[in-house]
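User: I'd like to learn how to read the features of a protein model, one at a time. Could you give me the general idea first and then the case at hand?

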Amino acid sequence: MGRGPWSWIVPDGLWEIAEPLIPAPRVRPQGGGTQDRPDEMLFAAIIYVLVSGCAWRALPPCFGISKSTAHRRFMIWSRAGVWGRLYEAVLHQLDDAGLVDVSRVVLDSAHVRAKEGGEHTGPSPVDRGKPGSKMHVLSDANGLPLVVAVSAANVHDSEGLKPMIAGIQTQHDPHRGCHFKPRRLHADKAYDIPHLRKWLWGKHIGVRIARKGIESSERLGRRRWVIERTISWLSGYRRLNPRYERHPRNYLAFLGLAAALCCYKRLLKLTM
């Protein structure tokens, strides 16, 4: 990435992965637009908003970008699927380096207060009924986030199990000929539902879900603690907690970008 007063926010090498995924800017018939603004500058500004949690209007002058320009480009790139494809590209780099361990995967969720309301929000049972959402995360054995999702706070955790497992099994790259196939799933008692156990067995996935009233959460916590750390990593991105985005697509875009950053930083740490 080019050196500038804003480049410190982007980890070294991440822009080189993201650049081919960025759609070409559309030229407006009336002229003008943001063609003179480098895409990497806009990319850095979006990451800054995610990390700092600031409003678009509070972008520092060093970016040289108006709030409307940064927000508009974020929306365009989100609709183009840039953040999801960046997330997958980083995961595949980790897999190529042998750093993705799906011998077991861990599933959990975390409540997020939704200050502005919007879709996929509901009364939170852990926050006195205030509007909130749930961040669902599926990690590998080492805590790398493999799949992320969002739902309303009043949706039971167990309803996220099938979509999350389906999400990891559909992460397939035909050019690389590989996909992620989990062997065992670890989860807490919220997922102890008979039909979910049967569904997992049908997928040939071992079940390591704590049984209500039978097994202690402490015993299974030896394997599940990694997901708590992963959720802590994601919650550290201030734009995610609390939730400011009224539209779930925008929140999920920020969540996918945060997961990509977590994975990429892990890749740098383990390969340096």
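Analyst: Gladly, and burial is a good place to begin. A residue is buried when its relative accessible area is under 20%, exposed when it is over 50%, and partly exposed in between, using a 1.4 Å probe and protein chains only. This is a predicted model, in which local features need pLDDT of at least 70 and side-chain atom pairs count only at pLDDT 80 or more, while totals for chains, interfaces and linings use all residues. Residues are numbered from 1 along each chain as its sequence is written, and side-chain values use heavy atoms, with hydrogens and water left out. S124 counts as buried because its relative accessibility is 5%.

User: Where is S124 found, and which residues does S124 touch?

Analyst: Helices (H or I, at least four residues) and strands (E, at least two) are DSSP runs numbered from the N terminus. On that scheme S124 is in the loop between strand 2 (122-123) and strand 3 (131-139). A contact means heavy atoms within 4.5 Å. Leaving aside residues up to four places away in sequence, S124 touches H111, G129, K130 and A153. Another loop residue to look at is P182, between strand 6 (178-179) and strand 7 (184-187). P182 is buried, at 1% relative accessibility, and its C-alpha is 9.9 Å from that of V106, 76 residues away along the chain.

User: What do the totals for the chain look like?

Analyst: The chain has eight helices and eight strands, and buried residues make up 50% of its 272 residues. Among contacts with a separation of 6 or more, 66% join residues 24 or more positions apart. For surface, areas come from the Shrake-Rupley method with a 1.4 Å probe, and for residues only the protein chains shown count as cover. The accessible surface comes to about 13,100 Å², with 52% of it belonging to carbon and sulfur atoms.

User: How should I read a single helix, say helix 2?

Analyst: Begin with its length. The expected span of a helix is 1.5 Å times one less than its number of residues. Helix 2, with 14 residues, reaches 20 Å from its first C-alpha to its last, close to the expected 20 Å. Next, look at which way side chains point: an α-helix has 3.6 residues a turn, so residues three or four places apart point the same way. In helix 2, 11 of the 14 residues are buried, so the helix is largely enclosed by the rest of the structure. Among them are D39, L42, F43 and Y48. The buried residues of helix 2 pack against helix 1, helix 3 (67-79), helix 4 (82-96) and helix 8 (248-271). After the helix comes G53, whose phi is positive, near 80 degrees.

User: How many salt bridges are there, and how do I recognise one?

Analyst: Look for a side-chain nitrogen of Lys or Arg within 4 Å of a carboxyl oxygen of Asp or Glu. The count is five. In one of them, the side chains of R73 and D39 meet at 3.0 Å, N to O. R73 lies in helix 3 and D39 in helix 2, so this pair ties together parts that are 34 residues apart in sequence. R73 is buried, with a relative accessible area of 7%. R73 also has its C-alpha 7.5 Å from that of L42, 31 residues away in sequence; L42 is buried at 1% relative accessibility. A further salt bridge joins E245 and R239, with their closest N and O atoms 2.6 Å apart, and both residues are buried.

User: And how are aromatic pairs read?

Analyst: Rings of Phe, Tyr and Trp (its six-membered ring) pair if their centres lie within 6.5 Å; planes under 30 degrees apart are stacked, over 60 edge-to-face, and the rest tilted. There are nine such pairs. The rings of W8 and Y48 have centres 6.4 Å apart and planes at 85 degrees, so the pair is edge-to-face. It links W8, in the segment before helix 1 (14-18), with Y48 in helix 2 (residues 39-52), 40 residues apart.

User: Are W8 and Y48 buried or exposed?

Analyst: W8 is exposed, at 58% relative accessibility, whereas Y48 is buried, at 18%. Elsewhere, ring pairs link W15, F43, W56, F74, W77, W83 and F254 into a cluster.
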